[in-house]
Amino acid sequence: MFSKALLSTAFISAVSAHQNLHQLWINNETPGYQTGIRMPPSNSPVEDVTSDNMACNVPSTNGVTVETLDANAGDSIKVQWDQSGHPGPITHFLKAVDSAATDNGVGAGWFKIDELNAVDGKWANEIMGANNMTHEFTLPTGLASGEYLLRSEMLALHGAQTLNGAQFYIGCAQLKVTGSGTGTCGPQISIPGAYKADDENIYIPNVYNGFDISTFKAPGGEVATCGGAAPAVPSTPQPANATVPAVPSPSASAVVEANTTPVASEAPVVSASAASAPAGSPVASSVPAPAPSSGAGADEALPTTFTLATFIAWLEGKAGSAAAKARRHARAF
Ligand SMILES: [Cu+2]
């Protein structure tokens, strides 16, 4: 059983955590806090998957003022995000660019190099939470030399039961890579473009009602291979004890926008269990599927057995219909 104290801590961190990527390490050495990263003007999410901001978040920092970091193909990269209890996966993408300092990242050429969804009932954010909000992966060994944008994406699904309710937290770092690869990496996707609001891994009507997180696969397609080399192997997550960091990151107190979330019942019903297709790939479209036989219940019932992540999600749903929605749409300005 979870203790009451733990639950309330979890609840607080779950509902108060907008987030940014704020630091990275290359082979365990960091250039410093926020160094090499284009920091957006706020820690608010992007929710319109068709927005150019899906590439590298809302532009604020001029990339020219951001240091472009040296790295080698095959290096380990560790990212650290602000504390977050928002349930969902983390993914990483690269895009070869002429200039990491000036390219805005919008459009084709992105390829996925890392993905962590859920392991043993714990979402990536929860696994990271037990590791000081860090996640580690490696740059593909087959990368060609050149400049790249590194895109870190944490997808928060606590609002995914409504269309356009999923939240994308995005941070881009600037890399200059030395590598021996000669080809390109693929499959490649366009951002924006590859994600659709009603993709089955973005719009999940039953996210609070029977959704099996073990079936979830993050948007963006398959992890790429480079020049025939094997794909980078994501680091082995270490789901430690379900320690929930007690200090939520300060989130900007905010002006609340009117929430005009579309009514879910007007949207296509997508079966989450039909998640076998490479979701989020450019060609993937939503798969209309029969409504789950579990019935029409719009009520969000907590299952008799549940994980902490499920409980947090359920709490948010409850906290939520009004307050949490307003909160999650809150903007710093
Ligand atoms: Cu948030």
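**Exercise 1. Identify which residue of β6 is the bridge partner of Phe93, and place that bridge in the strand pairing of this predicted model.**

Solution. Begin with the single bridge: in β6, Phe93 is partnered by Lys112. Next, widen the view to the two strands, where β5 (residues 90–97) and β6 (residues 107–116) run antiparallel and are joined by six bridges. Then turn to the other pairing of β5, with strand β10 (residues 144–156), which is also antiparallel and extends over eight bridges; within β10, Leu149 is the bridge partner of Lys95. Finally, consider how covered β5 is: seven of its eight residues are buried. For the setting of these strands, note that the chain contains 14 strands together with four helices.

**Exercise 2. Decide whether Cys172 is buried or exposed, and describe its surroundings.**

Solution. First locate the residue: Cys172 lies in strand β11. The cut-off for a buried residue is 20 or more other C-beta atoms within 10 Å, and Cys172 counts as buried because it has 29 C-beta neighbours inside 10 Å. Next, list the contacts of Cys172 beyond four places in sequence, which are Arg38, Cys56, Asn57, Gly105, Leu149, Leu150 and Arg151. As a last step, take a C-alpha distance: Cys172 and Ser152 are separated by 20 residues in sequence, while their C-alpha atoms are 6.2 Å apart in space.

**Exercise 3. Find which members of the largest nonpolar core touch the most other members, and follow Leu175 outward.**

Solution. The largest nonpolar core has 65 residues, and those touching the most other members are Met54, Ile113, Tyr148, Ala166 and Leu175. Strand β11 (residues 167–180) gives this core its largest share, namely seven residues. Setting aside residues up to four places away in sequence, Leu175 touches Thr68, Leu69, Ala71, Ala100, Glu147, Tyr148 and Leu150. For the chain as a whole, buried residues make up 43% of the 333 residues, and of the contacts with a separation of 6 or more, 83% are between residues 24 or more positions apart.

**Exercise 4. State where the pLDDT falls under 50, and how this limits the reading of the model.**

Solution. Start from the average, a pLDDT of 76 over the chain, with 63% of the residues scoring at least 70. Over residues 238–300 the pLDDT is below 50, although the model gives this stretch 134 contacts beyond near neighbours in sequence. Residues 1–15 likewise stay under 50, with 25 contacts beyond four places in sequence. Where pLDDT is low, predicted coordinates should not be read in detail.

Key
Residues numbered from 1 in each chain as written. Predicted model: local features only at pLDDT ≥ 70, side-chain atom pairs only at ≥ 80, totals over all residues. Buried ≥ 20, exposed ≤ 12 C-beta atoms within 10 Å, placed from the backbone. Contact = placed C-beta atoms within 7 Å. Pairing = 2+ DSSP bridges. Core = buried A, V, L, I, M, F, W, Y, C linked by C-beta atoms within 7 Å. pLDDT = per-residue confidence, 0-100.
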